[in-house]
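Me: I would like to learn how to read a protein model, beginning with one residue and then moving out to the sheet. Could you take me through it step by step?

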Amino acid sequence: MEEQRRMTVAVTGAGGTGAAKRFLAALQADDRVSHVDLLVSANGRKLAALEFGTGEDMESVAVALGATSEKIRLLDPADLSGPVTSGSYLYDAMVILPCAVGVLGRIANGLAIDLIERAADVALKERRRLVLCLRETPLNLAHLRNMVAVTEAGAIVYPMIPTYYNVPETLAELQEELVERVLQLLGLGHTDRYRWDGTSTPARREHTATS
């Protein structure tokens, strides 16, 4: 039996919290995942409230994100004594989705002002997988340098840039592909719909066959 995985997920103040909801749904439905620590920054809660039309309190945001299963534990980003602050607390990978450029910059420079950034710092020092789903455009030189620095430190920068060769027709399809690609980076992929075979992908064939 495959060893179950433990994940840390953070949502910060950048647009695209709908993708975070879809990502959390995938983790909760996956029998390979036993536990998820979820952190939502204050600005992340503001964005979720804006995008989902909900309150900004953590309970309302958690419901809006669909973080309702027993696998999910909510952590307060302001509490630097939380479990993920220590390398002795074991988890397999951390994903920040979406990741604000300010958060990326502080991670790149080892500056942790909250539990999200501290958890990312721990992931890097413990050589665990850290995926930063950057949501910002255009990028200035400071952003680019921070992306290089955090990549050199061991993180994976995965900008929330859609692909077009799969001919997506809805926002949900864009989010689904993004989430699947992130899951594949974590070894938790569950479909081959977006896998290029040299000429096309199943998702592209589905769309072009009906167009």
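**From one residue to the sheet**

Reply: In this predicted model, if we leave aside the neighbours within four places in sequence, T201 is in contact with Y165, N166, R193, Y194, R195 and W196. The residue sits in the loop between α7 and α8 (202-210).

Me: Is T201 buried or exposed?

Reply: A residue is called buried when its relative accessible area is under 20%. T201 has a relative accessible area of 0%, and therefore counts as buried.

Me: With which side chain does the side chain of T201 make a polar contact?

Reply: That partner is the side chain of N166, at 2.4 Å.

Me: How should I read the sheet, and what is the order of its strands?

Reply: Strands of a sheet pair through backbone hydrogen bonds, either parallel or antiparallel. Here the six strands form an open sheet, paired in parallel, in the order β3-β2-β1-β4-β5-β6. Its edge strands, β3 (72-75) and β6 (156-157), each pair on one side only.

Me: How many bridges join β2 to β3?

Reply: Strand β2 (residues 33-40) is joined to β3 by four bridges, and the two run parallel; as an example to find in the picture, V36 has I72 in β3 as its bridge partner.

Me: Which strands do helices α1 and α7 touch or lie across?

Reply: Helix α1 (residues 17-29) packs on the sheet, where it touches β1 (5-11), β2, β3 and β4 (93-99), and its direction makes about 165 degrees with that of β1. Helix α7 (residues 171-185) lies across β4, β5 (129-134) and β6, and runs at about 160 degrees to β5.

Conventions:
Residues numbered from 1 in each chain as written. Predicted model: local features only at pLDDT ≥ 70, side-chain atom pairs only at ≥ 80, totals over all residues. Heavy atoms only, no water. Pairing = 2+ DSSP bridges. Contact = heavy atoms within 4.5 Å. Axes fitted to C-alpha atoms, helices over the stretch in contact; angles between N-to-C directions. Buried < 20%, exposed > 50% of the residue type's maximum accessible area, 1.4 Å probe, protein only. Polar contact = N/O pair within 3.5 Å; in protein donor to acceptor, adjacent residues only side chain to side chain.
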